[in-house]
Amino acid sequence: MDRLIELYKRWSGEAPANIQKLPAAGSNREYYRLADAGGATVIGVIGTSRDEDHAFVYLSNHFARRKLPVPRVLAVSDDELRYLQTDLGQVSLFDAIAGGREAGGRYNVNERALLARTIRELPNIQIRGARGLDFSNCYPQPEFDTDSVLFDLNYFKYCFLKPTELDFHELKLEADFRLFAKDLTAERSDSFMYRDFQARNVMLDGRGNPFFIDYQGGRRGPYYYDVASFLWQASARYPHKLRRELVYEYYESLKNYTEVPSVRHFVGRLSQFVLFRTLQVLGAYGFRGYFEHKRHFLDSIPPAIQNLREMLGLKCFPYPYMMDVLRRLTELPRFAKIEQPALNRADGFRTTDSNVYKAHPQDGPATFSKYDGRGPLVVRVFSFSFHKGIPDDESGNGGGYVFDCRSTHNPGRYEPYKKLTGLDEPVIRFLEDDGEILTFLDSVYRLADAHVRRYIQRGFTDLMFSFGCTGGQHRSVYCAQRLAEHLNAKFGIEVRVVHREQGVSSVLRAAASSAGEGRP
């Protein structure tokens, strides 16, 4: 620790005013948050492997030159066992989506958006990050190859499979392992394989933009591996539909960086890597859980077994003996089956943009009203109870929309939600899991987008939306808040939200600059 403080003093010119040790993760490295007298912080790292630290420092410097979202290395000790890096804050993607994980895989709209934004950024570090990278600096080896696959498969065999005392023929299993390894390495790839791409290794800034950490185990390898690692993370419990949507987001983003294979080929290869990654993490869970007695890893075993069951259900892998062993493994009494949450027919939504009408030249010049060109547009969104009347339009325009939310499922009918509002997470999950409210809002978004777009073009200054329900507490509050966030994010305009019956109001500020359609 003294040497880390000395490194900080050499870098900053003075000793840190405050030192906070950060919780340990899966590795043996130690992390500290070091602050100066003004409160500015950096992260100090004490490693146990010079080669591993060298890999992180080299990759970080390379990625920084490529303008990738990673921490910057600020100082390194002579022995490379200690270094300082920029502090990316305290909010990881894992923390930000904790609600959906704890709800058994029922992720809300904001959590889904964070996941989509993160996986769209993954090809950036995989493809652009690989350009000009000297893979000989990678640790512990420069490339994903047959030996590394067999190492992980045997890690699974010795650290997880054998401790279960399941009977199997080791030579027959080894033969299928070798065939599996040959198939996984059949296609050479020039991309950077992150190798430990998971929600814990993604930090979020104040705007929800992802930054990547802990890539020191990366190497040259196929990009399928990281997709499998991220979306089949056992404890995340991503439902099948969400996984499918995020795979699509990744595939579409990948097209921006490299030539992509056909969808059929992509999905087939991805399935192989999902199976491999599942066995690999079971090996890690077995070692960290059974031998090191770490509770987190023991808790992750049941959902990982459920992932394995789902892969066995595909029945598309040409390794008969290995698949038989894995099937018998999942049937052991100690691995009680954990059901995934039922797929909701409407657990996601997309907005549809319509083209703005363009006048025909024969129509002659357009005429303008006295309200044109006044801008900028400010939108006001209300929630209210129909029992207490529709909110007054104080602008004098007399326009806008009033939507009746009472056709959707009402959480207020159930005792656990009676004292909560549409701003509270349990109500949000109830409504989004039910799905009716999302279908309802899909139509609202289409109307609102077209109206706001035209008002921005005309330079109008005011537009009002109101959502009513029985008590102005659950459905109307949820819808008003969602529309406000949607319009603010998409058009960069100021939106004022008033939940009248709850006595709650807020202002979503306009972007510093607005191009009329989305933030610049």
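**Aromatic contacts and nonpolar cores**

R101 lies over the face of F94, 3.5 Å from the ring centre. The face of F94 also has R200 over it, at 3.8 Å from the ring centre. The structure described here is a predicted model. The points below cover its aromatic pairs, its nonpolar cores and the surroundings of L74.

**Aromatic pairs and cluster**

- The count of aromatic pairs in the model comes to 38.
- One of these is formed by Y194 and F197, whose rings meet edge-to-face, with 5.2 Å from centre to centre and 65° between the planes.
- The angle of 65° is classed as edge-to-face because planes over 60 degrees apart fall in that group.
- Both Y194 and F197 are buried.
- F230 and Y238 form a further aromatic pair, which is tilted, with 6.5 Å centre to centre and 40° between the planes.
- F230 has a relative accessible area of 0% and is therefore buried; Y238 is likewise buried, with a relative accessible area of 0%.
- One aromatic cluster is formed by F56, F63, Y83, Y107, F192, Y194, F197, F212, Y215, F230 and Y238. The residues of the two pairs described above, Y194 with F197 and F230 with Y238, are among its members.

**Nonpolar cores**

- The largest nonpolar core has 95 residues. Within this core, L326 and L329 are the residues with the most contacts.
- Helix α10, which spans residues 263-291, supplies the largest share of this core, namely 10 residues.
- Beyond its neighbours within four places in sequence, L329 is in contact with F156, F160, L161, T164, L166, L308 and F335.
- Another core, of 36 residues, lies apart from the largest one. It includes L431, L438, F467 and L487.

**Surroundings of L74**

- L74 belongs to strand β4, which covers residues 73-76.
- Is L74 buried, exposed or partly exposed? L74 is partly exposed, because its relative accessible area is 30%, and the partly exposed class lies between under 20% for buried and over 50% for exposed.
- When residues up to four places away in sequence are not counted, L74 touches W11, V42, L84, Q85 and T86.
- L74 and E259 are separated by 185 residues in sequence, and their C-alpha atoms are 36 Å apart in space.

Methods. Residues are numbered from 1 along each chain as its sequence is written. This is a predicted model: local features need pLDDT of at least 70, side-chain atom pairs count only at pLDDT 80 or more; totals for chains, interfaces and linings use all residues. Side-chain values use heavy atoms; hydrogens and water are left out. Rings of Phe, Tyr and Trp (its six-membered ring) pair if their centres lie within 6.5 Å; planes under 30 degrees apart count as stacked, over 60 as edge-to-face and the rest as tilted. Buried means under 20% relative accessible area, exposed over 50%, partly exposed in between (1.4 Å probe, protein chains only). A charge sits over a ring if NZ of Lys or CZ of Arg is within 6 Å of the ring centre and within 35 degrees of the ring normal. Helices (H or I, at least four residues) and strands (E, at least two) are DSSP runs, numbered from the N terminus. Contact means heavy atoms within 4.5 Å. A nonpolar core is a set of buried Ala, Val, Leu, Ile, Met, Phe, Trp, Tyr and Cys residues joined through side-chain atoms within 4.5 Å.
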